[in-house]
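These are my notes from going through one model by eye and by script. I kept the entries short and in the order I looked things up.

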Amino acid sequence: MVSSTYQLILFVTDKEEAKAFYTEKLGFIIRNEEEFDEEWSYLTVAPQSNSEVVIELVEAVTTEEKQLVGRQAAEQVFLMFTVDDINKTYQKLKAKGVNFLDEPGSARR
């Protein structure tokens with residue numbers, strides 16, 4: 001039986017830029033980073049070391065993958081995170097330069 005989710009893949013335009021965004025702006029940690037050769041590396045990030053689910057950042061290479069960057073769930077939200085205080089976290093991330101479509105509590109459809 002399946003007991004849990006472990007990993008999600010997120011296509012990105014630039015893996016190093018995405019790594020900096022998740023670690024420096026969002027405060028995530030690198031859970032695993034390995035380079036197998038010049039064309040293949042593995043990078044996962046997570047909010048904390050004990051997070052059950054990790055996000056693998058995969059640099060989009062093919063035309064199909066590039067079209068999915070930022071649209072992997074079409075017009076729906078792809079990832080959601082739990083925070084202790086949404087307003088405080090929003091202000092902190094906004095001050096770090098994270099862009100938001102709406103403020104917390106806004107009903108966006």
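**Entry 1: Ala 74.** I started in the loop between helix H2 (63-68) and helix H3 (86-95), where Ala 74 sits. The model is a predicted one, and I read the backbone angle with that in mind. Ala 74 is not a glycine, yet I found a positive phi of about 60° for it. For reference, most residues other than glycine have a negative phi. I then asked whether Ala 74 is buried, partly exposed or exposed. Its relative accessibility is 45%, so Ala 74 counts as partly exposed, given that the class runs between the limits of 20% and 50%.

**Entry 2: the whole chain.** I stepped back and listed the elements. The protein chain has three helices and four strands, and along the sequence they follow the pattern β-α-β-β-β-α-α. I noted 109 residues, of which 21% count as buried. The C-alpha trace spans about 45 × 35 × 35 Å along its principal axes. I also looked up contacts between residues at least 6 apart in sequence: 50% of them join residues at least 24 apart.

**Entry 3: the sheet.** In what order do the four strands of the sheet stand? I read S1-S4-S3-S2, an open sheet with mixed pairing. Strand S1 (7-12) and S2 each have a single partner strand, so each is an edge strand with one side lacking a neighbour in the sheet. From one strand to the next I get an average twist of 25°.

I went through the pairs one at a time.

- S1 and S4 are parallel and share six bridges; Val 12 has Glu 59 in S4 as its bridge partner.
- S3 and S4 run antiparallel, joined by two bridges; Thr 44 is matched in S4 by Glu 56.
- S2 and S3 are also antiparallel, with seven bridges between them; Asn 32 is matched in S3 by Thr 44.

Thr 44 therefore turned up twice in my list, as the bridge partner of Asn 32 and of Glu 56, under the DSSP pairing I used.

I checked burial for S4 and found that five of its six residues are buried, which leaves the strand mostly covered. Helix H1 lies across S1, S2, S3 and S4, and I read its angle to S4 as about 150°.

**Entry 4: Val 53.** I looked next at the loop between S3 and S4, which holds Val 53. Its relative accessible area is 32%, and Val 53 is partly exposed. Which residues does Val 53 touch, leaving out those up to four places away in sequence? I listed Thr 5, Tyr 6, Gln 7, Leu 8 and Ala 46. I also took one distance: Val 53 and Asp 37 are 16 residues apart in sequence, and their C-alpha atoms are 25 Å apart.

**Entry 5: the second largest pocket.** I read a volume of about 320 Å³ for this pocket. It is lined by 18 residues, and those closest to its centre are Lys 15, Glu 39, Trp 40, Ser 41 and Glu 59. Which elements supply at least two residues each to the lining? They are helix H1 (15-25), strand S2 (29-37), strand S3 (40-46) and strand S4 (54-59). By residue class I recorded 11 charged, six nonpolar and one polar in the lining. Glu 59 is thus both close to the pocket centre and the bridge partner of Val 12.

Terms used. Residues are numbered from 1 along each chain as its sequence is written. This is a predicted model: local features need pLDDT of at least 70, side-chain atom pairs count only at pLDDT 80 or more; totals for chains, interfaces and linings use all residues. Side-chain values use heavy atoms; hydrogens and water are left out. On a 1 Å grid over the protein atoms alone, a cavity is a set of points where a 1.4 Å probe fits but cannot get out, and a pocket is an open set with protein on both sides within 12 Å along at least five of seven lines; lining residues have an atom within 4 Å of a point. Grid points are joined across faces, edges and corners, and a volume is the space filled by probe spheres set on the points. Ala, Val, Leu, Ile, Met, Phe, Trp, Tyr, Cys and Pro count as nonpolar, Asp, Glu, Lys and Arg as charged, and the others, Gly among them, as polar. Axes are lines fitted to C-alpha atoms, for helices over the stretch in contact, and angles run from 0 to 180 degrees between N-to-C directions. Contact means heavy atoms within 4.5 Å. Buried means under 20% relative accessible area, exposed over 50%, partly exposed in between (1.4 Å probe, protein chains only).
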